[in-house]
Amino acid sequence: MTFSHYDFEYIDVHCHFFPSQIFKAIWEFFERRDDEDKISGWQITYKLATNELVNLLKEKNVKFYTSYNYAHKKNIADYINEWTYEFKKNHANALPFGSVWPDDNDRIEYITKIFDEYNFFGIKIQPLVQKFHLDDKRMYKIYDLIIDRGKWLAVHIGTAPYRNEYVGYKNFVNFLTRYPNMNIIVAHMGAFEYKKFINLLDQHENLYLDTAMIYIPNNIFPERETKRPKPETLLSYQDRILFGSDFPNIPYEYKNSTKGLLNFDLPRKFYENIFYHNAKRIFNLS
Ligand SMILES: [Zn+2]
């Protein structure tokens, strides 16, 4: 292996920051043991206070990081967004993303506010937990705002680590047909349907894939019928892949997020693109 983690700087496009009581509930959910549920029993490595989490990213050479979170019920998205706004005020290197709940009566108002007044970069949607379809007409006006303001939609729409009726390639394509030019980041490279999501990159120039939890040495998303994209594929799409980690909700050391990629021993330019330059370009960072 030619390079090590500290040979590069990073923009981590898949970090989560929640108000602390919500974080605590999420960590308890991940660590819960339930034999029905394949993701149960993860031991979260970094259950720390917000400032400690931010310092840890800095120590890992992360220059900018997103603040993904999401609402799981009515009337809390606005509160979470206000919390994120405060978080951004205290942490200049955060790239704030908002949350939305499709049944909130004031959703247009609070999304307009986070875009126009707070300058958030976009919104994060998590259909696996939020349990609504991406192509839900209650969301159309929100999507119109995203497009009109040149913002981003970050979405966990893949079937890993488990699936429900709201995720998967088919649901994503239903949505993409209506919004083919939207700026979108698909989490986890679309796992487990990697190949189908990679193929979409050719037709949708504003579509990006993040690497969160893929290429981890111990492979937290098991390779079932599908294999993770090969290094040659990564090289061909090196302008469309963004480094992400899912920090701090990870059951392993942060550096494992880059280790599997570095093990491929690809050219320095490739790593600079996916670790830093692509995100810098799409978010207009200086
Ligand atoms: Zn995540």
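This briefing covers a helix, a sheet, salt bridges and nonpolar cores in one structure. The model is predicted. An open sheet of 6 strands pairs in the parallel sense. The largest nonpolar core holds 87 residues. A search of the whole structure turns up 15 salt bridges.

**Helix α1**

- Helix α1 covers residues 20-31, which makes 12 residues.
- At 1.5 Å a residue, α1 should span 16 Å, and its end C-alpha atoms are indeed 16 Å apart, so expectation and model agree.
- The buried residues of α1 are Ile22, Phe23, Ile26, Trp27, Phe30 and Glu31.
- Viewed down the helix axis, these buried residues fall within an arc of 165°, so they line one face of α1.
- Residues three or four places apart in an α-helix point the same way, because the helix has 3.6 residues a turn.
- The cover over the buried residues of α1 includes α2 (50-59) and α3 (77-90).

**The parallel sheet**

- The strand order is β4-β5-β6-β7-β8-β9.
- β4 (97-98) and β9 (241-242) stand at the edges.
- Each edge strand has a single partner, so one side of each is left without a neighbour in the sheet.
- Inside the sheet, β7 (residues 184-186) pairs with β8 (residues 207-210) in the parallel sense, over 3 bridges.
- Isoleucine 185 has tyrosine 208 in β8 as its bridge partner.
- Strands of a sheet pair through backbone hydrogen bonds, in either a parallel or an antiparallel sense.

**Salt bridges**

- Glutamate 86 and lysine 89 form a salt bridge, with their closest N and O atoms 3.0 Å apart.
- This pair sits in helix α3, and because the two residues are 3 apart in sequence, about one helical turn separates them.
- Glutamate 86 counts as partly exposed, at 40% relative accessibility.
- Lysine 89 counts as exposed, at 51%.
- Arginine 178 bridges to aspartate 135, with the closest N and O atoms 3.6 Å apart.
- Arginine 178 lies in helix α7 (residues 169-178), while aspartate 135 lies in the loop between α5 (127-130) and α6 (140-148), so the pair ties together parts that are 43 residues apart in sequence.
- Both ends of that bridge are partly exposed: arginine 178 at 47% relative accessibility, aspartate 135 at 28%.
- Lysine 196 meets glutamate 193 in a salt bridge of 3.9 Å, N to O.
- Lysine 196 is partly exposed, with a relative accessible area of 43%.
- Glutamate 193 is buried because its relative accessible area, 18%, falls under the 20% cut-off.
- Salt bridges with shared partners also join Glu59, Lys60 and Glu253 into one network.

**Nonpolar cores**

- Within the largest core, of 87 residues, the residues with the most contacts are Ile123, Ile125, Tyr143, Leu153 and Phe172.
- Leaving aside residues up to four places away in sequence, phenylalanine 172 touches Leu134, Val155, Ile157, Ile184, Val186, Phe197, Leu200 and Leu207.
- Among those contacts of phenylalanine 172, Ile184 and Val186 fall in strand β7 (residues 184-186), and Leu207 falls in strand β8 (residues 207-210).
- Another core lies apart from the largest one and has 17 residues, among them Tyr68, Trp152, Ala279 and Ile282.

Technical notes
Residues are numbered from 1 along each chain as its sequence is written. This is a predicted model: local features need pLDDT of at least 70, side-chain atom pairs count only at pLDDT 80 or more; totals for chains, interfaces and linings use all residues. Side-chain values use heavy atoms; hydrogens and water are left out. Helices (H or I, at least four residues) and strands (E, at least two) are DSSP runs, numbered from the N terminus. The expected span of a helix is 1.5 Å times one less than its number of residues. Buried means under 20% relative accessible area, exposed over 50%, partly exposed in between (1.4 Å probe, protein chains only). The arc is that of the directions from the helix axis to the C-beta atoms. Contact means heavy atoms within 4.5 Å. Two strands pair if DSSP finds at least two bridges between them. A salt bridge is a side-chain nitrogen of Lys or Arg within 4 Å of a carboxyl oxygen of Asp or Glu. A nonpolar core is a set of buried Ala, Val, Leu, Ile, Met, Phe, Trp, Tyr and Cys residues joined through side-chain atoms within 4.5 Å.
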